[in-house]
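Here are some notes to read alongside the structure. Keep the 3D view open and look for each part as you come to it.

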Amino acid sequence: DLALYHHSNRGLPAWVDKLASALSRPVLLVNQPDQVRGRRGATRHLNLMPKVLAKCGANCRDSLAGVVVSGSIKLGQSLSRALSARPLARLYEGDELSFLSRPASAGLMSAGAALLPEQWRVVVDSALGLDEEGLSGPKERRALISAAGRVRELAELMASRPAAVAAILAHGAGLIQSPRAAGPRVEAKVAEAALAWLERDGLS
């Protein structure tokens with residue numbers, strides 16, 4: 001739930017409980033200040049407030065599954081501390097490029113993983129130590145370097161308008177019927193770069 005897009009920090013613990021009850025499952029909160037900035041006025045908070053998240057962690061019991069964070073390292077650390085009262089609530093990275101530089105301990109919410117699932121799996125498993133065999137030889141190291149290069153290219157391509165670029169790529173790969181997505185469109189040169197990437201990778 002991208003809570004601050006349609007709600008606010010005020011009353012968030014009660015909202016998380018209400019939403020989890022309605023869904024019959026725990027809620028994963030998403031903190032994406034850029035999305036909120038486009039929706040709300042400059043006087044509104046763009047990020048979840050750590051003290052409010054701490055109340056969620058302490059009071060929401062099984063209603064809170066964790067938080068997906070996009071933002072500074074300092075913000076991530078503050079939100080991580082806020083979740084300390086609820087060890088089972090996990091902190092995930094919401095920015096692919098940030099994850100490639102400093103992997104979050106719980107993992108990543110990735111838009112690009114729908115297009116490069118195997119490559120992102122290799123990168124994430126390696127970053128989180130989930131690969132049982134690890135980098136046991138030169139073949140495995142080359143595979144990781146190749147996968148990391150491809151996912152970084154895709155992440156950089158999608159960084160400016162993830163939904164719009166994802167729609168162009170998914171359409172070009174034959175996964176969906178239309179290249180259009182809700183929200184702002186990408187510039188023509190970005191769309192051209194996306195299609196060129198598809199063709200170069202043999203996905204079109």
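**Notes on the sheet, a helix and two cysteines**

1. Let's begin in the sheet: strand β2 (residues 64-69) and β3 run parallel and are joined by four bridges. One pair to find on screen is V68, which stands opposite Y92 in β3. Please keep in mind as you look that this is a predicted model.

2. Now the other neighbour of β2. β1 and β2 also pair in the parallel sense, here over five bridges. L29 has V67 of β2 as its bridge partner.

3. Put these together and you have an open sheet of three strands, in the order β1-β2-β3, with parallel pairing. β1 (27-31) and β3 (90-93) are the edge strands, since each pairs on one side only. From one strand to the next, the twist averages 25°.

4. Which helices pack on the sheet? Helix α2 (residues 12-23) does, touching β1 and β2, and its direction makes about 135° with that of β1. Helix α5 (residues 73-82) packs on the sheet as well; it touches β1, β2 and β3, and its direction makes about 170° with that of β2. As for β1, this strand is mostly covered, with four of its five residues buried.

5. Next, move to helix α10 (residues 188-201). This helix has 14 residues and reaches 20 Å from its first C-alpha to its last, close to the 20 Å expected at 1.5 Å a residue. Its buried residues are V190, A191, A194, W197 and L198. Seen down the axis of α10, these buried residues fall within an arc of 120°, so they line one face of the helix. A general rule helps here: an α-helix has 3.6 residues a turn, so residues three or four places apart point the same way.

6. What does each side of α10 meet? The buried residues pack against α8 (138-158) and α9 (162-172). On the other side of α10, the exposed residues are A188, K189, E192, E199 and R200. Try colouring the two groups differently.

7. Last, the cysteines. How many disulfides does the structure hold? The count is zero. C56 is in no disulfide, and the nearest cysteine sulfur, that of C60, is 4.4 Å away. A disulfide here needs the two sulfur atoms within 2.5 Å. Are these two cysteines buried or exposed? C56 counts as buried because its relative accessibility is 0%, and C60 is buried too, with a relative accessible area of 1%.

How values were computed:
Residues numbered from 1 in each chain as written. Predicted model: local features only at pLDDT ≥ 70, side-chain atom pairs only at ≥ 80, totals over all residues. Heavy atoms only, no water. Expected span 1.5 Å × (residues − 1). Buried < 20%, exposed > 50% of the residue type's maximum accessible area, 1.4 Å probe, protein only. Arc of directions from axis to C-beta. Contact = heavy atoms within 4.5 Å. Pairing = 2+ DSSP bridges. Axes fitted to C-alpha atoms, helices over the stretch in contact; angles between N-to-C directions.
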